[in-house]
Amino acid sequence: SSSLRSLSEQFQQHSIQKVYYAISIGRMEKSGSIDLPIDDKPAYTTFEVVQSVPSKRFGQLNLVRLQPKTGRRHQLRKHLAALGHPILGDQAYGKEGLVLNGKGIYLHAHSITFHHPEKKQEVSYCSPLPKKFLKIFNDIVPC
């Protein structure tokens, strides 16, 4: 169908905007970008630390807003780990001794924005932060 073709083209052209939130470990820059190839393909992510809290076990935890500009497998997990700030609960890319077991990974697909093929306008869909995020960060990120 033409709708499916339109969405597929938007994904290929990287014009679909996706926003994720993650909780990362350690003191990190307030914002920046990560330009680090994954599997020999370009991979680019921008990030912004929304809030940070001290942590006895991890030193500092950060609520990070992430926008991948490309869509590589495990891109956000690999990019934050490469900065030395793995995502809380990430068993595959976390640091030895800094893995939180049993709670899952603290990575959340927050919103997606794209040009709707039939409505002919931009639409956004949003999912609020999960409860496990709100137990650490009480500033609620609006949808």
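1. How much area does the protein expose, and what share of it do carbon and sulfur atoms supply? The exposed area is about 8,600 Å², and carbon and sulfur atoms supply 50% of it; accessible areas come from the Shrake-Rupley method with a 1.4 Å probe, and for residues only the protein chains shown count as cover.

2. Basis of the note. This is a predicted model, in which local features need pLDDT of at least 70 and side-chain atom pairs count only at pLDDT 80 or more, while totals for chains, interfaces and linings use all residues. Residues are numbered from 1 along each chain as its sequence is written, and side-chain values use heavy atoms, with hydrogens and water left out.

3. Overall architecture. The protein has 3 helices and 6 strands, where helices (H or I, at least four residues) and strands (E, at least two) are DSSP runs numbered from the N terminus. Along the sequence they follow the pattern α-β-β-β-β-α-β-β-α.

4. Dimensions. Along the principal axes, the C-alpha atoms fill a box of roughly 55 × 35 × 30 Å. The radius of gyration is 16 Å, which agrees with the value near 15 Å for a compact globule of 143 residues; this radius is taken over C-alpha atoms, and the globule rule is 2.2 Å times the number of residues to the power 0.38.

5. Burial and contacts. Buried residues make up 41% of the 143 residues; buried means under 20% relative accessible area, exposed over 50%, and partly exposed in between (1.4 Å probe, protein chains only). Among contacts (heavy atoms within 4.5 Å) between residues at least 6 apart in sequence, 58% join residues at least 24 apart.

6. The largest nonpolar core. A nonpolar core is a set of buried Ala, Val, Leu, Ile, Met, Phe, Trp, Tyr and Cys residues joined through side-chain atoms within 4.5 Å. The largest one has 24 residues, of which Tyr21, Ile23, Leu61, Leu63, Leu66, Leu88 and Phe133 touch the most other members. Strand 1, strand 3, strand 4 and helix 2 each give two or more residues to this core, and the largest share, 5 residues, comes from strand 1. Leaving aside neighbours within four places in sequence, Phe133 is in contact with Tyr21, Ala22, Ile23, Leu63, Tyr106, Leu107 and His108.

7. Helix 2. In this helix (residues 75-82), the buried residues are Gln75, Leu76, Arg77, His79 and Leu80. Their cover includes strand 1 (17-25), strand 2 (31-35), strand 3 (44-55), strand 4 (59-68) and strand 5 (107-116). Gly84, just after helix 2, takes a positive phi of about 90°.

8. A salt bridge at helix 2. The structure has 1 salt bridge, defined as a side-chain nitrogen of Lys or Arg within 4 Å of a carboxyl oxygen of Asp or Glu. Asp90 and Arg77 form this pair through their side chains (2.7 Å, N to O). Arg77 lies in helix 2 and Asp90 in the loop between helix 2 and strand 5, so the pair ties together parts that are 13 residues apart in sequence. Both Asp90 and Arg77 are buried.

9. The disulfide. A search of the whole structure finds 1 disulfide, meaning a pair of cysteine sulfur atoms within 2.5 Å. The partners are Cys126 and Cys143, with sulfur atoms 2.2 Å apart. Cys126 lies in strand 6 (residues 121-126) and Cys143 in the segment after helix 3 (131-134), so the pair ties together parts that are 17 residues apart in sequence. The torsion about the S-S bond of Cys126 and Cys143 is about -80°, so the disulfide is left-handed. Cys126 is partly exposed, with a relative accessible area of 34%, whereas Cys143 is exposed, at 60%.
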